[in-house]
Amino acid sequence: MQWRKLLSPSDRDGFVKDAAKSLDLPSRRLFLKRAAGIGTIAAITGVAIVDGPSAEKALASMSKFNDRAQAWLFDPTRMAKTYSQAEITRPYPFNAFYEAKDAPEAGETYELLVGGLVQNKKAWKVEALQALPQATQITQHVCIEGWSAIGKWRGVRLRDFLVRVGADLRAKYVTFNCLDRYSTQIDMPSALHPQTVLALSFLDEALPKMYGAPVRLRVPTKLGFKSAKHVYEIVVSNDYVEGFWERQGYNWFAGL
Amino acid sequence: MTVANIAASKSVHPAIVRLTHWLNAMAVAIMILSGWQIYNASPILPFSFPSWMTLGGWLGGAIQWHFAAMWLLMANGLIYLAYGIASGRLRHRFLPISPREIVGDLAAALKGKLAHDDIAHYNGVQKLFYVGVIAALILVVFSGLAIWKPVQVWWLTAAFGGFQGARLVHFLAMSVIAGFVLVHVVMALLVPKTIRAMIFGR
């Protein structure tokens with residue numbers, strides 16, 4: 001597979017196995033098996049709660065409804081709050097579906113691939129991305145778990161990048177595929193937001209491995225899991241895709 | 001029509017109040033139980049909720065419940081408040097609240113001497129309780145919106161002292177509501193005719 005070639009030689013085998021293991025999470029989709037709470041509700045309200053699978057279906061369609069509500073609420077001119085240098089969270093937390101030591105290492109061969117509805121599908125070396133105009137932001141990362149952290153990021157505005165590669169900006173979605181086999185997708189209006197960047201630097205240093213080297217997405221207008229790390233491919237399309245967490249039930253739009 | 005007939009036909013709770021009450025009970029139960037599961041993903045106090053008393057099974061499932069039931073909580077709450085304000089029922093039932101009445105009724109209640117002859121008439125403590133829980137519900141909705149949309153409604157989030165401040169207020173408002181539910185359910189069970197009135201109207 002293409003993405004394996006982009007990893008460092010030492011990571012090519014070990015990481016693949018680890019990632020495959022983590023992907024096989026203990027059937028989180030079956031969250032309704034834990035129905036004790038539902039029983040409580042039924043007892044309190046005397047309302048009969050529908051059985052597991054249909055409740056799961058109803059909740060999934062409510063999540064789709066929430067996607068539409070959030071797209072409607074999203075104001076492309078509304079900027080996420082920016083912070084001062086002194087407000088930066090130190091140490092900045094590491095978070096992933098694996099431990100920090102297992103974060104993937106990009107190899108010498110690394111290039112950012114571009115696919116889908118774009119005119120120029122030439123791959124990008126990190127140096128080429130660094131040569132593009134850069135934008136800096138000190139913004140808050142809000143995790144779906146409830147914690148938040150303020151970090152300083154620098155990189156290429158995704159909007160600028162999409163324009164440069166001749167992306168069809170009328171397409172609905174931009175998908176990000178990552179070296180750790182993570183993936184996620186965002187809507188085009190959010191992709192074109194001025195604060196959505198392909199970060200190459202953290203705290204004025206080259207992006208460290210634990211924060212998503214060599215290239216990560218930074219979307220301060222969405223929950224943290226949308227800010228994909230170790231991005232190796234960007235695909236512009238009209239095909240709705242559920243990423244790593246979305247498949248397990250996280251809301252797709254995940255806007256802030 | 002005799003006076004007795006008029007009294008007998010007088011409904012304690014109109015149908016719309018009964019309907020919104022039970023829908024609210026369902027929404028609040030879902031919100032609190034799923035909220036506890038969400039809380040557990042990143043506790044702000046040094047404890048977690050036992051998983052048997054939570055809803056959703058894991059963070060993603062709990063959030064699906066939470067963000068589905070929030071629409072019910074808000075829409076139902078708006079209908080209740082709109083009716084209560086337009087009909088004058090809220091003002092009539094819950095106002096005025098005098099501190100003297102609250103202290104007096106609380107003392108009587110603790111001595112076991114508080115009468116419940118007319119369940120359509122609320123004593124001072126009841127008024128405080130119901131107005132308090134309505135205020136807490138309004139607060140929980142606004143702090144929840146501040147957590148859900150800290151960028152789009154940044155001014156609301158800022159009013160709560162930022163994202164983490166809004167989380168704390170959301171938790172405290174939940175605590176008030178959970179405390180209310182506990183007392184409310186116990187009191188209703190002690191005076192069962194109030195439950196009958198909330199189901200059948202009288």
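Select Leu203(A) to begin, and you will find this residue in the loop between β6 (197-202) and β7 (205-206) of chain A. Keep in mind throughout the tour that the model on your screen is predicted. The phi angle of Leu203(A) is near 50°, which is a positive value in a residue other than glycine, and Leu203(A) is partly exposed, with a relative accessible area of 25%.

Now add Asp204(A) to the selection, for this residue is found in the loop between β6 and β7 of chain A as well. Asp204(A) also has a positive phi, of about 65°, although it is not a glycine. Is Asp204(A) buried or exposed? Its relative accessibility is 52%, and because exposed means over 50%, Asp204(A) counts as exposed.

Turn next to the aromatic rings, of which the structure holds 36 pairs over all chains. One of them is formed by Trp153(A) and Phe202(A), a tilted pair with 4.6 Å from centre to centre and 50° between the planes. Trp153(A) lies in strand β3 (residues 148-157) of chain A and Phe202(A) in strand β6 of chain A, so the pair ties together parts that are 49 residues apart in sequence. Trp153(A) is buried, with a relative accessible area of 1%, and Phe202(A), at 3% relative accessibility, counts as buried too.

Moving to chain B, select Phe94(B) and Tyr130(B), which form a tilted aromatic pair at 5.9 Å centre to centre, with 45° between the planes. This pair links distant parts of the chain, since Phe94(B) is in helix α4 of chain B and Tyr130(B) in helix α6 (residues 124-148) of chain B, 36 residues apart. Phe94(B) is buried, with a relative accessible area of 8%.

For a wider view, select Phe94(A), Phe97(A), Tyr98(A), Tyr182(A), Phe225(A), Phe244(A), Trp245(A), Tyr250(A) and Trp58(B), which ring pairs link into a cluster.

Two charged side chains over rings come next. Lys122(A) lies over the face of Trp124(A), at 4.1 Å from the ring centre, while in chain B Arg93(B) lies over the face of Tyr122(B), at 5.5 Å from the ring centre.

Finish with the backbone, where a cis peptide bond joins Arg90(A) and Pro91(A), with omega at about -5°. Pro91(A) has its place in the loop between α4 (52-73) and β1 (113-116) of chain A. In chain B, a cis peptide bond joins Leu95(B) and Pro96(B), where omega is about -5°, and Pro96(B) lies in the loop between α4 (89-94) and α5 (99-110) of chain B.

Notes. Residues numbered from 1 in each chain as written. Chains lettered and ligands numbered in written order. Predicted model: local features only at pLDDT ≥ 70, side-chain atom pairs only at ≥ 80, totals over all residues. Heavy atoms only, no water. Helix = DSSP H or I, 4+ residues; strand = E, 2+ residues; numbered from the N terminus. Buried < 20%, exposed > 50% of the residue type's maximum accessible area, 1.4 Å probe, protein only. Phe/Tyr/Trp six-rings, centres within 6.5 Å; stacked < 30°, edge-to-face > 60°. Lys NZ or Arg CZ within 6 Å of the ring centre and 35° of its normal.
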